[in-house]
Amino acid sequence: AGALLSLLALAGAGRLAWRGAAPHGTLLLASGAPLVSLVIFLLLSLGLAAPAVAIAVCVAFALAVPWRGLRWTWPAWPALLLVPFFVFYAVHALAPEIQPDAAGYHLGLVAAWARTHGFVFQNGFYDILPLGLETLFLPAFLIGAHSAAKLVHFFLLCATVPLICHIGARFGLNRVQRLAAAGLYVLTPVVAVAGTSAYNDVAEVFFSL
């Protein structure tokens, strides 16, 4: 529930950014994420990111989701070959966080924000890195703790497949070629590990695309 609410909030904010339907559904997530992240960042800066407030913000954005008019570029039937892998990935994304950096830093900060409703002012190496994705983890974490935050990252991995296929279509590639490009990425073992953990590497690929 926490991960789905965050995802819908990104899509709703993306619709507001595009003032309607985007050229592709994944672009709603890419455009909405900075807006939701900025709002959560401001709430944290003011010490106002209580669970009720952060969740209410996401619900408000989610109400703007365009349920009609979305245009997706889906791959050919060989995409079914990816389904078993994504089921396997989903099991790991739902499991407790075991990656040290994810549990200690990425979600460690988020857990501290959840306790204090604001930023924890520390002058450590990790505390001065960009926290754009961690602010998106927060609403999901408030509802479903670590696994919900992991699922937000996993959903961005899933969204990368149709996004790669959309870009391939713009380049004039056929459906099988687009799927091959997406498969080379999502089936790489290190991508599987990162994409099912509360890291930010897979998200960086998504937003770069």
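Q: A disulfide is a pair of cysteine sulfur atoms within 2.5 Å. How many of them does a search of the whole structure find?
A: First, a word on what you're looking at: this is a predicted model, where local features need pLDDT of at least 70 and side-chain atom pairs count only at pLDDT 80 or more, while totals for chains, interfaces and linings use all residues. Residues are numbered from 1 along each chain as its sequence is written, and side-chain values use heavy atoms, with hydrogens and water left out. With that in place, the number of disulfides found across the whole structure is 0.

Q: Why does C158 have no disulfide, and how far is its sulfur from the closest cysteine sulfur?
A: C158 sits in helix α6. The closest cysteine sulfur to its own belongs to C165, but that gap is too far for a bond. The distance between the two sulfurs is 13 Å.

Q: Which cysteine holds the sulfur closest to that of C58?
A: C58 can't form a bond either, because its sulfur is 19 Å from the closest other one, and that's too far. The cysteine holding that closest sulfur is C158.

Q: Is C58 buried or exposed?
A: Here's the scale: buried means under 20% relative accessible area, exposed means over 50%, and partly exposed is in between (1.4 Å probe, protein chains only). C158 is partly exposed at 26%. C58 has a relative accessibility of 1%, so it counts as buried.

Q: What elements does the chain have, and in what order do they run?
A: Helices (H or I, at least four residues) and strands (E, at least two) are DSSP runs, numbered from the N terminus. The chain has 9 helices and 0 strands. Read from the N terminus on, the order is α-α-α-α-α-α-α-α-α.

Q: What is the radius of gyration of the chain?
A: This value is taken over C-alpha atoms, and the rule for a globule is 2.2 Å times the number of residues to the power 0.38. For 209 residues, a compact globule would come out near 17 Å. The chain agrees with that, at 17 Å.

Q: What share of contacts in the chain, between residues at least 6 apart in sequence, join residues at least 24 apart?
A: Contact means heavy atoms within 4.5 Å. As a backdrop, buried residues make up 49% of the 209 residues in the chain. The share of those contacts joining residues at least 24 apart is 76%.

Q: How much of the chain's accessible surface belongs to carbon and sulfur atoms?
A: The areas come from the Shrake-Rupley method with a 1.4 Å probe, and for residues only the protein chains shown count as cover. The accessible surface of the chain comes to about 10,300 Å². The part belonging to carbon and sulfur atoms is 70%.

Q: Which residues does S147 touch, not counting those up to four places away in sequence?
A: S147 lies in helix α6. With a relative accessible area of 18%, S147 is buried. Its contacts are A93, L94, A95 and P96.

Q: Where is H117, a residue with a positive phi that is not a glycine?
A: Most residues other than glycine have a negative phi, and most peptide bonds are trans. H117 goes the other way, with a phi of about 65°, and is partly exposed at 29% relative accessible area. You'll find H117 in the loop between α5 (100–116) and α6 (132–170).

Q: What is the phi of A145?
A: A145 is in helix α6. At 32% relative accessibility, this residue counts as partly exposed. A145 is a residue other than glycine, yet its phi is positive, near 60°.

Q: Which residues is L16 in contact with, leaving aside its neighbours within four places in sequence?
A: L16 is in helix α1 and is exposed, with a relative accessible area of 52%. F121, 105 residues away in sequence, is 32 Å from L16, C-alpha to C-alpha. The residues L16 is in contact with are F61 and A64.

Q: How far apart are the C-alpha atoms of R19 and L8?
A: R19 is found in the loop between α1 (2–18) and α2 (25–45). At 82% relative accessible area, R19 is exposed. Along the chain, R19 and L8 are 11 residues apart, and their C-alpha atoms are separated by 16 Å.
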